[in-house]
Amino acid sequence: MERVRGAGAVLAVLVVLGAPPAAGEELSGVFQEMLKGECHFINGTEQVRLVVRKIYNREQYMHFDSDVGVFVGDTPYGEKVARNWNSQQEILEDYRAAMDTFCRHNYEIITPFTVNRRVPPSVSISLVPSSSQPGPGRLLCSGMDFYPAPVQVRWFQDGQELPEHVVATDVVPSGDWSCQVLVMLEMPPRRGVTYSCQVEHVSLEHPLSRHWEMPPDTVRSKILVGVGGFVLGLVFLALGLGFYLWEKSS
Ligand SMILES: *[C@@H]1O[C@H](CO)[C@@H](O)[C@H](O)[C@H]1NC(C)=O
């Protein structure tokens, strides 16, 4: 496999530490020279723009923009460097060719695992208890670990789409080339209704659906058991009391 000459945006950082510190001393300074190469791809490699930035201690002092074709100074010092570099035909030609030798070259290599990266979402439905709202809680549909970001999540109730009462977070990038989204149904789920969360994503051939139904009502059955036990207790109490009074009177 060909070697990657740099990623889409390359950082080359040279850090020079001032006077190495003796034990317990502070550094006298940090001197940082940075070079950033940005490749901008518009519609694949149909239109490519290269921007190279030269930065010293966080200040950009010179840049090269392939739309311009020469070095441009951004500070008085940078203007001097730009005049020098622009007078060297070899450097200029290198940078002008870099759109092809660097940007287009790398695009072909990194495309399989960047532009073409497809990771399907893991979808699940959970019942989130809500203390501020009445009812058993709210249904939350989570789409996790997918890539790229564009995604569509819909809620259905017995097969009918619920376009309202749906609140979604933004699609959140996790920082590891995956994204997350949460979509809440803003109404209490009802018994006997099937709720479905449907996710469409470029990684999926068909929309992905998860279904949810209210589980058997354990609270109500506990109440029934409690009431039944209480009634049974009352019956025995009455029987015992009656028996006692009957014994006493006879
Ligand atoms: C994108 O590039 C392709 C060729 O690579 C071209 O056929 C298509 O028309 C371009 N699309 C746009 C929107 O410019």
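# Notebook: a strand-rich chain

**Entry 1, overview.** I began with burial: of the 250 residues in the chain, 13% count as buried. I am working from a predicted model, so I keep that in mind throughout. I then looked up the secondary structure and found three helices and 14 strands. For contacts between residues at least 6 apart in sequence, I noted that 46% join residues at least 24 apart.

**Entry 2, confidence.** I checked how far to trust the coordinates. The mean pLDDT of the chain is 89, and 89% of the residues reach 70 or more. Where does pLDDT stay under 50? I found that stretch at residues 1-10, where the model has 20 contacts beyond four places in sequence. Where pLDDT is low, predicted coordinates should not be read in detail. I leave that stretch alone from here on.

**Entry 3, a four-stranded sheet.** Next I traced an open sheet of four strands, and its order is β9-β8-β13-β14 with antiparallel pairing. Why is one side of β9 and of β14 left without a neighbour in the sheet? Both strands stand at the edges, β9 being residues 160-161, and each has a single partner strand, so one side of each has no neighbour there.

I went through the pairings of β13 one by one. Strand β8, residues 152-157, pairs with β13 in the antiparallel sense over six bridges. Within that pairing, F156 stands opposite S196 of β13, and V153 stands opposite V199 of β13. On to β14, residues 208-212: this strand pairs with β13 over five bridges, also in the antiparallel sense. Here the bridge partner of Q198 is S209 in β14. As a reminder to myself, strands of a sheet pair through backbone hydrogen bonds, either parallel or antiparallel.

**Entry 4, the two faces of β13.** Which side chains of β13 are buried? Along residues 195-200 I saw them alternate: Y195, C197 and V199 point to one face and are buried. S196, Q198 and E200 point to the other face and are not buried. That fits the textbook rule that side chains in a regular strand alternate between the two faces of the sheet.

**Entry 5, the cores.** I followed C197 inward. The largest nonpolar core has 15 residues, and C141, V153, W155, V183 and C197 have the most contacts inside it. Two or more residues each come from β7 (138-146), β8, β12 (179-185) and β13. Which element gives the largest share? That is β12, with four residues.

I then picked V183 and listed its contacts, leaving out residues up to four places away in sequence. V183 touches C141, V153, W155, V166, A168 and C197. Apart from this core lies another, of 11 residues, with L50, Y61, F71 and A98 among them.

**Entry 6, around Y56.** Y61 led me to Y56, a residue of strand β3, which spans residues 47-56. Beyond four places in sequence, Y56 touches E33 and Y61. I also noted L35: its C-alpha atom is 8.8 Å from that of Y56, though the two residues are 21 apart along the chain. Is Y56 buried, exposed or partly exposed? With 16 C-beta neighbours inside 10 Å, Y56 counts as partly exposed.

**Entry 7, backbone oddities.** Most residues other than glycine have a negative phi, and most peptide bonds are trans. I went looking for exceptions.

- The peptide bond from Y147 to P148 is cis, with omega near -5 degrees. P148 sits in the loop between β7 and β8.
- R58 is not a glycine, yet has a positive phi of about 70 degrees. I placed R58 in the loop between β3 and β4 (59-65). R58 counts as exposed because it has 7 C-beta neighbours inside 10 Å.
- H165, again not a glycine, has a positive phi of about 60 degrees. H165 is found in the loop between β9 and β10 (166-168). With 12 other C-beta atoms within 10 Å, H165 is exposed.

**Entry 8, a record to compare.** Last, I looked up UniProt. An unreviewed entry there lists residues 223-246 as "transmembrane region". What does the model show over residues 223-246? I found 100% helix and 0% strand, with the end C-alpha atoms 34 Å apart.

Key
Residues are numbered from 1 along each chain as its sequence is written. This is a predicted model: local features need pLDDT of at least 70, side-chain atom pairs count only at pLDDT 80 or more; totals for chains, interfaces and linings use all residues. A residue is buried if 20 or more other C-beta atoms lie within 10 Å of its own, exposed if 12 or fewer, and partly exposed in between; C-beta atoms are placed from the backbone. Two strands pair if DSSP finds at least two bridges between them. Two residues are in contact if their C-beta atoms, placed from the backbone, lie within 7 Å. UniProt positions are given in the numbering used here, feature names are shortened, and annotations may be inferred rather than shown by experiment. A nonpolar core is a set of buried Ala, Val, Leu, Ile, Met, Phe, Trp, Tyr and Cys residues joined through C-beta atoms within 7 Å. pLDDT is the predictor's confidence in each residue, from 0 to 100.
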